[in-house]
Each structure stands twice: as structure tokens, then as C-alpha cells.
Amino acid sequence: MGGGLDLTFQILAKTGNEAAASVLLTGLESPHRAIQEGALRGLLARRSHVGQRELIRRWDDLSDRWKSIVAETPGRISGAVRDAILSGDKQLCENGCDAVLHLREYDLLPALINAAEDGSNPHGDLVARTLLQLAEQLYDELAAPRDYSRRRDPQLVRQHALSHLEKSIQRFDQHKRREILETFLTLVGRDNATLKRILQNPHDKCYLPLVDMLKTSPRVGVMRLVLNFLDDPHAPTSAINVLSHRGDMAFLTHLLKKIGYEPSSAARLNLRRMDSIVWLQDDFQILDDFDDAQQHAVVQLAMATSMKRLQVFEVIRYLLMHGATGGRRAAVGALAQFKGFEANALVQQSLSDKDPQVQAGALMQLRDRGIPGALTKLIDAADSPHDAVRHAAQQSLKEFNFRRYLSAFDTLDEEVRYSTGYLVRKVDPEILQLLNEELTARSRTRRLRGLELLPYVNSIFDLEPVILQMLSDEDHFVRAEAAKVLSESQTPAGRDALRGALLDASVMVREAAEQSLQQLASGGHAPRRPNSDSRPYLPPTGGGFDVSSTQSEAPW
């Protein structure tokens, strides 16, 4: 707009002459956009009741651009909006309801409550729906980070609205407006005194409709309220019942997200109060609609409740057989708390699962269950290409470690030395490091013992560089033992080192080197493997290998 036109609108906006409103209303009809918007802004600046009413009367014909201009000055036409809502004219009431939502006129929540309560209001249903929609808008602001560009504090707005809603709830038996009840539940917090009083009193006139609303409302605010009771250490029994009986997918999505990887301690206490979950009764196909994280949460939920253990077991079984990867992983972990033939069968079945984590979870349970062939399966799993499976096997056989093998070595016969050493080599990831420490120890006894152990744990090739250095050891007994061990060497470096040892100053070393070279010349021999009939002994948890014990668990 030009300077003269701007000045004109400024004068019309500020003058005390009421005729200015008529001039500005005429400007709204101008074919020029600049004049239209100038007139609109002038009307808003004047706070003219005539202008406000005219804007609301035309509201359904206003462009989005004009509506956004009105929204720039919150509260400027709230009086006209209130009058329109209370009007008996249908179109005017519709315009007022649309305006209150577009402008987010939360200060008009009390007016909407009163209009919705009025049984003689012909537009009561429309007003009640608008009330609920406006409450949802307020809830969205409450749930989002505070927008400080808006002067009003949504928390204060909510407190003001709740004071009116609480009074209206007390009159529920008169107006029976479920929309008012749902509005209350959308905005209220779990600690609200009125809410708790109703939930704790089944004889209250609001009790049944309120509980029904908690079970059925699709409003995010209502679902949030129900879920918040999970963290309430003094949650009313009726709220816990709602949690266990509500089974719509929208609610379950929020519930499982709240449960997450594992429920909080407060939630776990409240879940323990549930002896049933309606959607986890007989038909588990609903679980197919959940993703990995949700199925994991289902397992956490079921295990935390007081449902019959057989029912929980059926949930675990279904997820192990039909679940997504996350569901099967959680299910196999939970399976550890179930005993018996069917649980054992599921564990064995899970050993063939396509997911290594599920296989690992099943492996960790084999020995505790006394499943026949458990040790054989664990030994085979120690060679798995999957890290998770190998780690599970090693953890399950962790008593077969090098330190215990070393301490019990002298008490074992030849066959058991090989069979147990073969197992220790597969299970103990630190074996090469610990053997190297023995071979390089200052003590001659430890170095000799280390050399003696090498064939039994099939580690000559891995530690050959260390053995070659030991051919130069200051002690001729150590050099001779190193030459004997190299009889199983299959490398040119080993043969060359033995030939060099033929010139050693010690006769014992020269003889050992010559014997080893003869063995190698005759074809040598592959590293020895344990006899198929030879079984390692299970070491007790508190000490070394118990060579006298007999084990009931196969293949001991």
C-alpha cells in the first residue's frame, strides 16, 4: 500500500468515530487485495464489536490468508466467537466453532462446556465435538516443547480448563455429555484428586462411563493417561484393570513402546497386579502385526504379569515358532524360566533357528536342562562361524579353561589329557596367550611344562616361533624338550631349526633333534586328536578337574 492509504487505515483504526467501522467493512469488498487486507487489519485494531461479528458471519467465506491474519492477534475477536457459539443460528454457530479451533481460543473452553451442557441448545452436539477437538489441540501443545513465541502458558490454560471440567463432571448425571468426560480425561493428570476419587469409588455416577471411556477412547491424551498409571505406585485397581483389558492396536502400540526393552521398576510392580491380558488369551495372531521391538516388549510384558505360567509359555512358544527376530530373541531368553519336556524341546528346536542370537540363547540353557548330547552340541558350536554362537558355547563350557587344565594336568591319564586339552583349546580364547606366558616364564619348570602341554592342546603350529627361540634357551633340558616338540612341526622353519640343533653343545639336545628329524623324514604325523571313546571330565566349579567323578549328563 502507498503511504497515503496506510495513513488512512491508521486513522480509521484509531478514531473514536464508530462510523469508521462501516468504512472498513466496505473496504473488505474492494477488488484490490491491499485495500481488503488493510481494512481487515483496521477492523482488528479497532476491536469493533460490529466488525468482529461481521467477520464471524463471513467466516466460512474467508480465505486462509484472511484467517491467518486474524490469528496473528489472538483474542481480538473472542467476544464475537463466544456469541456465535451460543447463537441459535446454525451457520453462525458452525462458523464460531470453526473459528475457535482455527484461532485456538482456549479461553473459550468454559463457554464451550456451558453450551455443551445446555440441554436446550439445538447445537449442543456440535459444540461438544468442538470442545473435544479444542482439548486435543491443547494436549498437542502440552506434549510439544513450549513455544515461547506464544504468550500464554499451556499449563496454566490446562489448569484453568480443568477447574471448569471438574465442576462439569460433578454434573455428569444431569447432562450426560460423554464428550465433556473425554475432554476431562484428555487434559487431566493421573494425580488429579477428582479423577482418583471417581476411580476408587465404583458407586460414583461417573465411574462406569469414565472407565468405559478409558477403555475405548482413541484420543492420544486418554491413552497417555491410562499408560501413566503404570508408573503410579498407588494406581487404582480400576486403572490396572483398564490396562489389562484394553486391546485396540493404537493403544497397544503406545503400551509396548512404554514397556520398551524392559519395564521400569514401578511398572513391573503394577504389571504384577495383572492376572490376565485380554489380547494374550488364545489367539496370538495379533502378535504377527508387531515389529521386532514390539514383540520383545510383549515378552517383557507377559513375563512381568501374574498370568498363569502355562498361558505365558504359550506366548513364548508362539513367538519362538512364528515371531520376528526380536521376538524370538526375547522369547528364547524368557524360556530359561520354564522347565519340563516341552520347554526342553523348544530349546533344542531353537538351536536350528536362522538367527545366531537365538541359537546362542538356546545353547546357554542346554547343560542346566540336562539335555542328552548337550556337551557334544556345545563343542560343535564352539566352531560356529557366528561370534554370538561361539561366545555362548565358550560361556557354557567356561570351566574348561587353561588354568584349571594346567593345575589338573598331572592327575589326568594320556587319553583324558588329549580329550580335555582338545576341548580347552576350542573353548578358552586366552589359551595361546597363557601358553606363551608359560613358555617364556623365568621358571625352568614352567617352561618345560608349557612345552609338554603343547601337543595335547594342538598349539605347536601357533606357537612355533616361540618354540624355535627356545632352542637357544640357556637350559639344555628346555632346548631338548623344544627339539622333541618340533617332531610335530610341519614347516620348513622347524626342520631347519632342528638341523641347527644337531650342532648343539649338549648331547641330550643333539639326540632329541636327531630323533625329531628322523620322525619327520619318515613322514611325521598329524597332530593327535582325542579318541572318540575318550571323554573330558567336568571340573568342579570350585577347583580343578575332578578325575574321579562320574557325570550323569551325557556324554560324560
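Which residues of helix 10 are buried? Before selecting them, note that this is a predicted model, in which local features need pLDDT (the predictor's confidence in each residue, from 0 to 100) of at least 70, side-chain atom pairs count only at pLDDT 80 or more, and totals for chains, interfaces and linings use all residues. Residues are numbered from 1 along each chain as its sequence is written, and side-chain values use heavy atoms, with hydrogens and water left out.

Select residues 154-170, which form helix 10, with 17 residues and a reach of 24 Å from the first C-alpha to the last; helices here are DSSP runs (H or I, at least four residues), numbered from the N terminus. Its buried residues (under 20% relative accessible area, 1.4 Å probe, protein chains only) are P154, V157, A161, L162, L165, S168 and I169. To see what covers them, add helix 8 (109-117), helix 9 (124-143) and helix 12 (178-187), which are among the covering elements.

Go next to S244, which lies in helix 16 (residues 237-245) and counts as buried because its relative accessibility is 4%. Beyond its neighbours within four places in sequence, S244 is in contact (heavy atoms within 4.5 Å) with M274, S276, I277 and V278.

Now select helix 29 (residues 431-439) and helix 30 (residues 444-453), whose axes (lines fitted to C-alpha atoms over the stretch in contact, with angles from 0 to 180 degrees between N-to-C directions) come within 7 Å and cross at roughly 135°.

Finish at residues 541-556, where pLDDT stays under 50. Where pLDDT is low, the predicted coordinates should not be read in detail.

Definitions and conventions: Helix = DSSP H or I, 4+ residues; strand = E, 2+ residues; numbered from the N terminus. Expected span 1.5 Å × (residues − 1). Buried < 20%, exposed > 50% of the residue type's maximum accessible area, 1.4 Å probe, protein only.
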